[in-house]
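Hi,

Here is the structure I promised to pass on. Have a look at it first, and then read on for what turned up.

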Amino acid sequence: GVEGWSLRILDAVAAGCVPVLMSDRTELPFEGQLDWTQFSLKAAESSQGEGPALVRKLKAAAAAVGGPPGTSTLAGKRAALQVARGKLTWHARWTPGDAFDGLLRELHLKVRFHRNSPYRFYAANEPNG
């Protein structure tokens with residue numbers, strides 16, 4: 001997508017594919033709750049035209065040792081992806097730990113921030129303010 005992320009990233013996660021992020025300015029869903037480095041690979045935006053060389057770099061990154069415990073290999077990233085997948089999935093009914101639950105958590109954090117923020121848009125002396 002043009003905006004740094006698109007629904008395709010969620011499609012990849014739902015399909016069990018380790019996402020490859022190729023944007024330097026990406027804001028990912030539930031960044032505050034999920035460590036995307038555990039279940040995704042990142043390539044610089046400038047590397048998009050590299051073709052086969054980029055594929056080699058990504059394979060080397062997936063096989064590299066030294067990342068977070070258990071997530072330094074492609075198998076580790078796939079295992080972490082299975083956990084994250086449940087947190088990025090929307091269900092017909094609310095399920096603890098799913099995407100709706102994550103959205104409620106994000107909103108709760110924003111409300112807590114804005115109550116204590118000098119940038120809030122309502123007057124401090126208003127009821128409920």
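Which residues make the nonpolar surface patch of about 600 Å²? Before the answer, please keep in mind that this is a predicted model.

The patch is made by W90, W94, F100, L103, L104 and L107. One of these residues, F100, belongs to helix α4, which spans residues 99-115. F100 has a relative accessible area of 34%, so with the range for partly exposed residues running from 20% to 50%, F100 counts as partly exposed.

Now to the other end of the numbering, and helix α1 (residues 7-14). Here I9, L10 and V13 are buried. Those three lie on the same side of α1, because the arc they cover around the axis is only 100°. The other side of the helix has L7 and R8, which are exposed. As for what lies over the buried residues of α1, the cover includes the strand β1 (20-21) and the helix α3 (74-87).

The stretch after α1 is worth a look too. G16 follows the helix and has a positive phi, near 85°. A15 sits in the loop that runs between α1 and β1. Is A15 buried or exposed? Its relative accessible area is 56%, and because the cut-off for exposed is over 50%, A15 is exposed. In sequence A15 is 70 residues away from R85, while in space the two are 9.1 Å apart, C-alpha to C-alpha.

Do write back once you have had a look.

Best wishes

Key: Residues numbered from 1 in each chain as written. Predicted model: local features only at pLDDT ≥ 70, side-chain atom pairs only at ≥ 80, totals over all residues. Heavy atoms only, no water. Buried < 20%, exposed > 50% of the residue type's maximum accessible area, 1.4 Å probe, protein only. Helix = DSSP H or I, 4+ residues; strand = E, 2+ residues; numbered from the N terminus. Arc of directions from axis to C-beta. Contact = heavy atoms within 4.5 Å. Patch = residues over 30% accessible without salt bridge, like charges linked within 9 Å, V, L, I, M, F, W, Y side chains within 5 Å. Areas by Shrake-Rupley, 256 points an atom, 1.4 Å probe, with all protein chains shown as cover. Salt bridge = Lys/Arg side-chain N within 4 Å of Asp/Glu carboxyl O.
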